[in-house]
Amino acid sequence: MCPDGEDFARTVLLLGQLALYADMAGADLDFVDVVSPSLAVSLPEPPQGTFPDDSDPAEDF
């Protein structure tokens, strides 16, 4: 098992790289469609302190 936060950071990085790949000319969008939901579901809980305790994502809009 990776140290706290390493799994989260690695998964977020992979999702970002996949998003960049999807925007490239010639990208295999079938691959993106298959892999992206799997990565999203595997995203672990963020490490403690990643977000402020009193934050409400709905308030940002």
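This passage goes through the fold, the surface and one aromatic pair of a predicted model.

Starting with the overall picture, the chain has two helices and zero strands. Of its 61 residues, just 10% count as buried. The exposed surface adds up to about 5100 Å², and 60% of that comes from carbon and sulfur atoms. As for how the chain meets itself, 53% of the contacts with a separation of 6 or more are between residues 24 or more positions apart.

On to the rings. A pair of aromatic rings is described by the distance of the centres and the angle of the planes. The count here comes to one aromatic pair. That pair is Y21 with F31: the ring centres sit 6.3 Å apart and the planes meet at 85°, so the arrangement is edge-to-face, the cut-off for that label being over 60 degrees. Y21 belongs to helix α1 (residues 6-22) and F31 to helix α2 (residues 29-42), so the pair ties together parts ten residues apart in sequence. Neither ring residue falls in the buried class: Y21 is partly exposed, at a relative accessible area of 28%, and F31 is partly exposed too, at 41%.

Helix α1 also carries T11. With a relative accessible area of 10%, T11 is buried, since the cut-off for that class is under 20%. Setting aside neighbours within four places in sequence, T11 makes contact with L39, S42, L43 and P44. Of these partners, L39 and S42 fall within the residue range of helix α2 (residues 29-42).

How values were computed:
Residues numbered from 1 in each chain as written. Predicted model: local features only at pLDDT ≥ 70, side-chain atom pairs only at ≥ 80, totals over all residues. Heavy atoms only, no water. Phe/Tyr/Trp six-rings, centres within 6.5 Å; stacked < 30°, edge-to-face > 60°. Helix = DSSP H or I, 4+ residues; strand = E, 2+ residues; numbered from the N terminus. Buried < 20%, exposed > 50% of the residue type's maximum accessible area, 1.4 Å probe, protein only. Contact = heavy atoms within 4.5 Å. Areas by Shrake-Rupley, 256 points an atom, 1.4 Å probe, with all protein chains shown as cover.
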